[in-house]
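Please describe how the strands, helices and buried residues of this protein chain are arranged. A report suited to a first-year student is requested.

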Amino acid sequence: MKFEILYQSKKSRARVGRIHTPHGVIDTPNFVAVGTNGSIKGLDSLVVENLGIQLMFCNTYHLLLQPGSKLIQQAGGLHRFMNRTAPIITDSGGFQVFSLAYGGVASELKSQGTKKTDASVVKITEDGVWFKSYRNGDKIFLTPESSIQAQKELGADIMISFDELPPYHTDQQSLEKSLERTHRWEKRSLDAHLANPNHQALYAVIHGGVDINLRKKSCEYLSSLPFDGFGIGGSLGKNKPEMINMLTQVMPSVPTERPNHLLGIGDLPSIAECIPLGLDTFDSSYPTKAARHGTILTPDNQHYNVTRTRFALHQRPLVDDCTCYTCQNYTASYLQHLFRAHETTAMNLASIHNLHVMVTVMAEYRRKIADGEI
Ligand SMILES: [Zn+2]
């Protein structure tokens, strides 16, 4: 993997870059679509690729449980299995294991995960994590080495180191201990990766919760190791202003010559605030999840719900002048009818539009940075 910075803003930390991978280029800043099970719900790989989604996020945890990383390897790797020719990033599986234990991804990100709500994490040891499969109750042991092995079998262009996601409501001592263990696990991930690089890249994950000193310590340690890039993970605060405040303080400690990725945040208002801080890529299931509920994104960072009565007779596209497949062919009125009739076509057409908006908005950000507007 190679990262080149094409333009560094003089106004902010924003930059325009290009990540070169074995499966092609990712222009940055960019949005990364989430296809948990190796598919964005309702859209096949060719549709996604034609929308211009340059990087797709697939979840190792889910693929491990079904159909299994070994099966995917036998099928020729994830790219061939799902027929995607463009780059793929996979996570370590750790995030899902821990966030399911602490009460779900969404509540953990909003820092509301206060206690373990189920028994999916059976035991955490220095070696790794025992967890119970939500599919069949099987006990599975995930370690830095086995996570990297699974990501090698999947064959992602970019892999993510195995880390521990501490709950938001944790005491200082536990947070420090968790960070130290995460660093040991990430170093072990790196060693396992370097034993068989396989033209793949590995990102570290910067942790430290809402403690700025721990965050800086994490940046310092991880940037001393030959990771190809950096994810920023864990809880960054209980709301957006806190997250932006934390990132404003953390980003100057993140190495600029390597790409970085904000894990699990990708709504348009957050992206707008994060780009000037120097963030390169963002993954989120929000645009497609919102689409499935009829929420339509617009290029000016707004959204509306097409199922509301006032769109019943709206004989125009979802967004005027939108060049996406959906807006070129169908009206908001028809979309509303499909949603109300519970036709899955509604979700697919709305997902196509929302992803198109993400692609065009990110291209516009790159233009604005290059033109000195950001
Ligand atoms: Zn559209």
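The report below treats the strands, then the helices, and then the nonpolar core.

This is a predicted model, in which local features need pLDDT of at least 70 and side-chain atom pairs count only at pLDDT 80 or more, while totals for chains, interfaces and linings use all residues. Residues are numbered from 1 along each chain as its sequence is written.

**Strands β1, β2 and β3**

Helices (H or I, at least four residues) and strands (E, at least two) are DSSP runs, numbered from the N terminus. Two strands pair if DSSP finds at least two bridges between them. Strand β1 (residues 2-8) runs antiparallel to β2, and six bridges join the two. One of the bridge partners in β2 is G17, which stands opposite I5. The hairpin that joins β1 to β2 passes through six residues.

Strand β2 (residues 15-21) is mostly covered, with five of its seven residues buried. A residue is called buried if 20 or more other C-beta atoms lie within 10 Å of its own, exposed if 12 or fewer do, and partly exposed in between; the C-beta atoms are placed from the backbone. β2 also pairs with β3 in the antiparallel sense, over five bridges. Here T21 has G24 in β3 as its bridge partner, and a hairpin of two residues joins β2 to β3.

I26 belongs to strand β3 (residues 24-28). I26 counts as buried because it has 24 C-beta neighbours inside 10 Å. Two residues are in contact if their C-beta atoms, placed from the backbone, lie within 7 Å. Apart from its neighbours within four places in sequence, I26 is in contact with I19, T21, Q54, L55 and P87. The C-alpha atoms of I26 and I40 are separated by 19 Å, and these residues are 14 apart along the chain.

**The sheet of β7, β8 and β9**

Three strands form an open sheet in the order β7-β8-β9, with antiparallel pairing. β7 (121-124) and β9 (139-142) stand at the edges with a single partner strand each, so one side of each has no neighbour in the sheet. On average, neighbouring strands of this sheet are turned by 20° against each other, direction ignored. The table lists the two pairings.

| Strand pair | Bridges | Residues between the strands in the hairpin |
|---|---|---|
| β7 and β8 | three bridges | four residues |
| β8 and β9 | four bridges | six residues |

Within the first pair, K123 stands opposite W130 in β8, and V121 has F131 in β8 as its bridge partner. F131 also has a bridge partner in β9, namely I140. In the hairpin of β8 and β9, G137 takes a positive phi near 80°.

In a regular strand the side chains alternate between the two faces of the sheet. Strand β8 (residues 129-132) shows such an alternation: V129 and F131 point to one face and are buried, whereas W130 and K132 point to the other and are not.

**Helices**

Helix α5 (residues 94-101) lies across β7, β8 and β9 and runs at about 115° to β7. For such angles, axes are lines fitted to C-alpha atoms, for helices over the stretch in contact, and the angles run from 0 to 180 degrees between N-to-C directions.

Helix α7 (residues 144-154) is largely enclosed by the rest of the structure, because eight of its eleven residues are buried. These buried residues are P144, S147, I148, A150, Q151, K152, E153 and L154. G155 follows α7 and has a positive phi, near 80°.

Which residues are buried in helix α10 (residues 240-250)? They are M243, M246 and L247. Seen down the axis of α10, the buried residues fall within an arc of 100°, so they line one face of the helix. The arc is that of the directions from the helix axis to the C-beta atoms. The buried residues of α10 pack against α9 (212-223) and α11 (268-274).

**The nonpolar core**

A nonpolar core is a set of buried Ala, Val, Leu, Ile, Met, Phe, Trp, Tyr and Cys residues joined through C-beta atoms within 7 Å. The largest one has 92 residues, and A33, M56 and L335 have the most contacts inside it. Helix α15 (residues 344-370) gives the most to this core, with eleven residues. Leaving aside its neighbours within four places in sequence, A33 is in contact with I40, V48, I53, M56, F57, T288 and L355.
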